[in-house]
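Colleague: Could you take a close look at one part for me, the nonpolar core, and tell me what sits in it and what lies around it?

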Amino acid sequence: MSSPVHPPSPALILDAYQPPPDTGLDVRHADAALLIVNKPSGLLSVPGRGEHKSDCLVSRVQAVYPDALTVHRLDLGTSGLVVFGRGEAAQSQLSRLFRDRQVHKRYIAVVAGAMPHEQGEIALPLIVDWPNRPLQKVDHAVGKPSLTRYWRRGVDVVSGTSRVELEPVTGRSHQLRVHLQAIGHPIVGDELYAPEAVRQAAPRLLLHAWRIELPHPLTGQTLVCEAPAPF
């Protein structure tokens with residue numbers, strides 16, 4: 001499936017980058033090995049190109065925790081939990097956990113339309129849309145296998161939207177956004193993949209990484225961290 005017709009350019013979105021005010025870190029877990037921080041929507045996870053894109057989550061975190069190193073990212077518009085390793089050894093261990101799919105993440109999203117099923121799976125192969133990169137698209141010929149599980153948590157008949165919980169089993173770029181758009185339920189406020197009316201229905205992308213579960217890199221014990229969706 002191709003991208004929506006005439007979506008705003010990702011480059012234009014970044015050129016207009018206006019990060020939210022720095023009101024202090026929302027740290028949900030901190031110990032000698034790792035940090036888990038709740039990222040606000042509209043803040044880059046890592047620096048972008050250009051001095052005006054230097055303000056980002058990792059720079060704010062390192063101002064308080066100088067040994068914090070990036071392990072994974074969330075999209076600009078996505079809010080929620082982000083893990084940092086404290087030092088190179090912890091970063092390497094955490095990166096391996098992500099690579100081996102031992103980290104389990106759950107997201108909350110508000111999507112257009114009434115989801116017809118209480119739960120289900122979206123298994124559609126994804127690949128970068130090269131003429132429009134960094135956009136992604138479904139491609140059954142050469143796309144990489146991608147799997148998302150979902151649970152319908154409610155339907156708002158007035159706004160014509162559904163609230164869903166999402167589990168990305170694989171971790172492809174923009175996976176949740178493209179999968180939901182591909183089945184006809186784009187995420188509300190999605191500047192890249194939703195049609196105009198759905199983009200304009202919210203002041204931000206209504207996608208939030210609310211829960212993360214992983215083995216602690218030092219003890220091996222299961223660590224669970226949560227941050228309720230702000231919408």
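Modeller: Sure. Before we get going, contact here means heavy atoms within 4.5 Å. Keep in mind, too, that this is a predicted model.

Let's start with Val61. Leaving out residues up to four places away in sequence, Val61 touches Leu25, Leu35, Val37, Ala68 and Phe84. Val61 also belongs to the largest nonpolar core, which has 37 residues, and together with Phe84, Leu166 and Leu207 it touches the most other members. As for who builds that core, two or more residues each come from the helices and strands α2 (57-64), α4 (175-182), β2 (34-39), β4 (79-86), β5 (104-112), β10 (161-168) and β11 (207-215). The largest share is α4's, with 4 residues. Apart from this core there's another one, made of 14 residues, including Leu34, Val103, Leu214 and Ala227. As a rule of thumb, nonpolar side chains in soluble globular proteins tend to be buried together.

Now for the empty space. The second largest pocket comes out at about 200 Å³. Its lining takes in 18 residues, and closest to the centre are Gly24, Asp26, Asn38, Lys39 and Pro40. Two names from the core turn up again here: β2 and α2 each give at least two residues to the lining of this pocket. β2 provides the largest share of that lining, 3 residues. If you're thinking about its chemistry, the lining splits into 8 nonpolar, 6 polar and 4 charged residues.

Notes:
Residues numbered from 1 in each chain as written. Predicted model: local features only at pLDDT ≥ 70, side-chain atom pairs only at ≥ 80, totals over all residues. Heavy atoms only, no water. Core = buried A, V, L, I, M, F, W, Y, C linked by side-chain atoms within 4.5 Å. Buried < 20%, exposed > 50% of the residue type's maximum accessible area, 1.4 Å probe, protein only. 1 Å grid on protein atoms, 1.4 Å probe; cavity = no way out; pocket = protein on both sides within 12 Å on 5 of 7 lines; lining within 4 Å. Points joined across faces, edges and corners; volume = space filled by probe spheres on them. Nonpolar A, V, L, I, M, F, W, Y, C, P; charged D, E, K, R; others polar.
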